[in-house]
Amino acid sequence: MSVFNARKAYVAKTVDELNSLFVDRKANKAVYARFVIAGPGPLKNDLVEHPKLLKEIKSAIIGVHDVAYPFENGLSEAVRLSKGAMSNIAHARGQALIKKLFTRIAKDNKKYSIGARDTFEAMGEGAATTLLITEDAPYQTIVCEPTVAQKDSKEDTGNGSHLVFHHAVSEKDLENKLKKIEQDKTVVVREVVQFVDWALDHSERLHKCSVEVIAVRSPEGFQFKCGFGGIATLTRYEFHPSSEDTQFVDLSDSDESSSDDDDDDTGDIFG
């Protein structure tokens, strides 16, 4: 076989593998949202232009890059070269979700939550489908685990299900929750992490809620941060937060209860 024919056969076989691995034939869609094709030689161009490469993959390619190395070094270079395209796509997706949130608010269809307290409540209820949060959101999560005595009395499945999470809306709230945990002899604090990091690691598993990190570099993103504290959710159904129950409380009652606002159990989630 000539070098030319061997090259054609290799590209065709690679195309077949891509179609098999990355396209769900039943759903008629790619298993990943975007693809980057990279390599040190010209074969990648033959692959992208191959007539047998399914449209589900072709339409999702965001970059074709020349890289100097194969294997892991080449992969790292391809990721670096694609950062601009990936950032633009993530930015566009975030802006679309913010507009969807604003539309729901304008229609007042109750299929949303805004602000930290209501958002923590929506997630805890299982109402949230998508969490929108800015990357610099100030909210924090306290990760707790049972004391040694409590661990000994319970079976540990090894999947982190014994952990308890407390979300704090402010520094004062964080201090109050840490004091309460210190008084509780059944759990100890393992660590305190940024809520956005916690959500990226746990939200999908615990609440079936995807996470979209919003970059604040547009009028919509800036409005989202300033107006809603940089946190909100889109919900599966009409969501009525407990805060609605206190909207029409007398001012005197509101003042009396305000001192307890940062010391309630809103945001407590069990793993």
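Analyst: A helix is a DSSP run of H or I with at least four residues, and helices are numbered from the N terminus. The structure discussed here is a predicted model.

User: In which helix is K58 found?

Analyst: The helix in question covers residues 55–58. K58 is part of that run, so its helix is α3.

User: Is K58 buried, partly exposed or exposed?

Analyst: Buried means under 20% relative accessible area, and exposed means over 50%. K58 has 34%. That value lies between the two cut-offs, so K58 is partly exposed.

User: Leaving aside its neighbours within four places in sequence, which residues is K58 in contact with?

Analyst: K58 also has a C-alpha 8.5 Å from that of F35, which is 23 residues away in sequence. For contacts, neighbours within four places in sequence are set aside. What remains is V48, E49, H50, P51 and L53.

User: Which residues form the covered face of strand β3?

Analyst: Side chains in a regular strand alternate between the two faces of the sheet. In β3, residues 35–39, the uncovered face holds V36 and A38. The covered face holds F35, I37 and G39.

User: In β4, which residue is the bridge partner of V36?

Analyst: Strands of a sheet pair through backbone hydrogen bonds. Five bridges join β3 to β4, residues 61–66, and the two run parallel. In β4, V36 has as its bridge partner G63.

User: In what order do the four strands of the open sheet stand?

Analyst: The pairing in this sheet is mixed. The edge strands, each paired on one side only, are β5 (112–114) and β10 (210–214). Neighbouring strands are turned by 15 degrees against each other on average, direction ignored. The order is β5-β11-β6-β10.

User: Which residue in β10 is the bridge partner of I133?

Analyst: β6 covers residues 128–134. Five bridges pair β6 with β10 in the parallel sense. The bridge partner of I133 in β10 is V213.

User: What angle does the direction of α9 make with that of β6?

Analyst: Two helices pack on this sheet. Helix α4 (residues 71–107) touches β5, β6, β10 and β11 (231–235), and its direction makes about 75 degrees with that of β11. Helix α9 (residues 219–228) touches β5, β6, β10 and β11 too. With β6, the direction of α9 makes an angle of about 95 degrees.

User: At which residue does α4 bend by about 50 degrees?

Analyst: α4 has 37 residues and reaches 51 Å between its first and last C-alpha, close to the expected 54 Å. Its buried residues include G74, E77, A78, S82 and G94. The bend of about 50 degrees is at K83.

User: Is F71 buried or exposed?

Analyst: F71 lies in helix α4. Although not a glycine, F71 has a positive phi of about 60 degrees. Its relative accessibility is 76%, and the cut-off is over 50%, so F71 is exposed.

User: Which residue follows α4 with a positive phi near 55 degrees?

Analyst: Most residues other than glycine have a negative phi. The residue asked about is in the loop between α4 and β5, and it counts as partly exposed at 43% relative accessibility. Its phi is positive though it is not a glycine. The residue following α4 is D108.

User: What distance does helix α8 span between its end C-alpha atoms?

Analyst: α8 has 13 residues, 195–207. A straight helix of that many residues would span 18 Å. But α8 bends by about 50 degrees at D201. Its span is only 14 Å.

User: Which residue follows α8 with a positive phi?

Analyst: Among the buried residues of α8 are F195, W198 and H207. After the helix comes a residue with phi near 50 degrees. That residue is K208.

User: How far apart in space are K185 and T147, C-alpha to C-alpha?

Analyst: K185 is in the loop between α7 (171–183) and β9 (187–194). At 67% relative accessible area, K185 is exposed. In sequence, K185 and T147 are 38 residues apart. In space, the distance is 7.4 Å.

User: What percentage of the 271 residues is buried?

Analyst: The protein has 10 helices and 12 strands. Its accessible surface comes to about 16300 Å², of which 53% belongs to carbon and sulfur atoms. Buried residues make up 36%.

Key
Residues numbered from 1 in each chain as written. Predicted model: local features only at pLDDT ≥ 70, side-chain atom pairs only at ≥ 80, totals over all residues. Heavy atoms only, no water. Pairing = 2+ DSSP bridges. Axes fitted to C-alpha atoms, helices over the stretch in contact; angles between N-to-C directions. Contact = heavy atoms within 4.5 Å. Expected span 1.5 Å × (residues − 1). Bend = angle between axes of the 7 residues up to and from the residue. Buried < 20%, exposed > 50% of the residue type's maximum accessible area, 1.4 Å probe, protein only. Areas by Shrake-Rupley, 256 points an atom, 1.4 Å probe, with all protein chains shown as cover.
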